[in-house]
Amino acid sequence: MTKQEKSRPLPPSLSRMRAQWVEETALETVQAPNCLLGIVIGPGGSTVKKIVDQYKVQVRVPHKGSKDEPILVEGKNKTLVKEAALHIKAMIDEEKERRRVTTPVSRTLFIPKALHGKIIGHRGQNIRPIIQSLKINIVFPKKNDNNDKVSITGLPNQVDQGISHLLSLVTSFPPCLA
């Protein structure tokens, strides 16, 4: 093809069809963190292909590494486009929640140093059942460290329960008189 052939304008009938397509298409955008684009694409593109087939839409997912570009959902039927966009958003929200719940966290609790020994108990008798039942890690500062920080690490729900247990142990001991 020569340059002259490439730059030729479209025939009027194709031009009208193109204009009609542009007028009649609906477009929805879905914001997603770059790290979750793979959820929409799926293994080998299988997830996005299912969405395209199910909703009869086009889905354009930004390239990995692009910043702040939304996922574009486009099609002729506004209802199907909206449903496809909602489906994609639900997939992303579900994955965000799954990652939030399954990603370990670490929280710090300030407990007076004088209570550390009582909370731990003789050979860990008070703290061991909490650690084992909730599958969390609780780290008290060393005896010679004059620090009130107690670190609790584990899954978010278990850490929150561990904090509640520790606070109930703290309140069960009478206040220290210095």
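This passage describes the salt bridges of a predicted model and the setting of one loop residue.

The model is predicted, so local features need pLDDT of at least 70 and side-chain atom pairs count only at pLDDT 80 or more, while totals for chains, interfaces and linings use all residues. Residues are numbered from 1 along each chain as its sequence is written, and side-chain values use heavy atoms, with hydrogens and water left out.

Helices and strands were taken as DSSP runs, numbered from the N terminus; a helix is a run of H or I of at least four residues, and a strand is a run of E of at least two. Thr 25 lies in a loop. The loop joins α2 (12–24) to β1 (26–30). Thr 25 is buried, with a relative accessibility of 17%. Here, buried means under 20% relative accessible area, exposed means over 50%, and partly exposed lies in between (1.4 Å probe, protein chains only). Contacts of Thr 25 were listed without residues up to four places away in sequence. They are Glu 74, Gly 75 and Lys 76. A contact means heavy atoms within 4.5 Å.

Salt bridges were searched for across the whole structure, and seven were found. Each is defined by a side-chain nitrogen of Lys or Arg within 4 Å of a carboxyl oxygen of Asp or Glu. One of them pairs Lys 82 with Glu 28. Their closest N and O atoms are 3.8 Å apart. This pair links distant parts of the chain. Lys 82 belongs to helix α5 (residues 78–102), Glu 28 belongs to strand β1, and 54 residues separate them. Both partners are partly exposed: Lys 82 has a relative accessibility of 44%, and Glu 28 has a relative accessible area of 25%.

Helix α5 also holds Glu 95, Arg 98 and Arg 99. Salt bridges link these three residues in a network. Arg 98 bridges to Glu 95, with the closest N and O atoms 2.7 Å apart. Arg 99 also meets Glu 95 in a salt bridge, at 2.8 Å from N to O. The spacing along the helix is about one helical turn in each case, because Arg 98 is three residues from Glu 95 and Arg 99 is four residues from Glu 95. Glu 95 takes part in both bridges and is buried, at 11% relative accessibility. The arginines are partly exposed: Arg 98 is at 43% and Arg 99 is at 31%.
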